[in-house]
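Take a walk through this fold, one stop at a time. Keep the sequence beside you as you read.

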Amino acid sequence: MEKRTDGFLINKGEHDKDFIFGTRAVMEAIHAGKDIDKILVDKDVNNELVKELLAIAKQEKIPVVRVPEAKLNRITRKNHQGVVAHMSAIQYASLDHVIEECFSKGIAPLILVLDRITDVRNFGAIARTAECAGVHAIVIPEKGSAQINSDAVKTSAGALNHLPIARVKNLYYTVKDLKKMGLNVVAVTEKTDRMMYGADFTLPTALIMGSEEDGISDELMGQADEYVKIPMVGNIGSLNVSVSAGVVIYEAIRQRN
């Protein structure tokens, strides 16, 4: 257990994740403005205090996941009261603010949208490349995305401390909003014959990358303005998603420079 300068007791759990446990302790952390990645709540606990916590979390747009008690017991053996909150390793950014700032400076935004990228190390590697290349922000969903913890920060070589990360409730509506703001949405997928060199990345651009297992979801594919793929000549025919992201990002940078 580590005592921070702000007075909160932060516990180190499995995989070195920071967390707070106990219903009132988590509520106090929210009221104090602490950045919380998500709250895990015992699926069988539904007392008045937990209901109050759920209402606060909804108001503050903090993801809540109902889990079996056994999952909470694996995180901590102490009296968690059915509630454990994972602290965020970063402070999330406002996507609207990032894009408005780009346009105000006369810069074409380059935004990376990650759909169902759940592996922490892949996410960290993508963030490292994105920060080095000058990507303006990465967008992730509240649910179904890699947890931004100490492992992710370490894999990113600290890039997550400098690169704006926007966490949104729904990627579908966020991509629709990006289109309304004038961004060209480009889905990187093997389900097309068009090579990435045919896209004009000098335009304000949102790149969508999907998971290695499932690719980009159908609803996001339906919102894309263009579909491009990375050329493949080998026998395997696929790249790790962090490598794929790097290839496409640097094609965008090549065009812009």
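Met232, Leu239 and Val243 make up a nonpolar patch on the surface. Together they offer about 220 Å² of accessible area. Keep in mind that this model is predicted.

Where does Met232 lie? Find the loop between strand S12 (226–228) and helix H9 (241–256). Met232 sits in that loop. Its relative accessible area is 37%, so Met232 counts as partly exposed. The cut-offs explain the label: buried means under 20%, exposed means over 50%, and partly exposed is in between.

Now turn to strand S4, residues 36–42. This strand is mostly covered. Of its 7 residues, 6 are buried.

Which way do S4 and strand S6 run? S6 spans residues 83–87, and the two strands run antiparallel. They are joined by 5 bridges. To see where they meet, look at Val41 in the model: Val83 in S6 stands opposite.

Strand S5, residues 64–67, is also joined to S4. Here there are 4 bridges, and the strands run parallel. Asp42 has Val67 in S5 as its bridge partner. How does the chain get from S4 to S5? The path goes through helix H2, residues 48–59. This β-α-β crossover is right-handed.

One general point helps when you look at strands. In a regular strand, side chains alternate between the two faces of the sheet.

The last stop is the aromatic rings. How many aromatic pairs does a search of the whole structure find? The search finds 2. Phe19 and Phe21 form a pair with ring centres 6.4 Å apart. Their planes meet at 40°, so this pair is tilted. The label follows from the cut-offs, because planes under 30 degrees apart count as stacked and those over 60 as edge-to-face.

Are these two rings' residues buried or exposed? Phe19 is buried, at a relative accessible area of 3%. Phe21 has 18%, which also counts as buried because the limit is under 20%.

Tyr172 and Tyr173 form an aromatic pair too. Their centres are 5.1 Å apart. The planes stand at 80°, and the pair is edge-to-face. Now check the cover of each residue. Tyr172 has 21% relative accessibility, so it is partly exposed. Tyr173 reaches 52% and is exposed.

Key. Residues numbered from 1 in each chain as written. Predicted model: local features only at pLDDT ≥ 70, side-chain atom pairs only at ≥ 80, totals over all residues. Heavy atoms only, no water. Phe/Tyr/Trp six-rings, centres within 6.5 Å; stacked < 30°, edge-to-face > 60°. Buried < 20%, exposed > 50% of the residue type's maximum accessible area, 1.4 Å probe, protein only. Patch = residues over 30% accessible without salt bridge, like charges linked within 9 Å, V, L, I, M, F, W, Y side chains within 5 Å. Areas by Shrake-Rupley, 256 points an atom, 1.4 Å probe, with all protein chains shown as cover. Salt bridge = Lys/Arg side-chain N within 4 Å of Asp/Glu carboxyl O. Pairing = 2+ DSSP bridges. Right-handed = clockwise from strand over helix to strand, strands pointing away.
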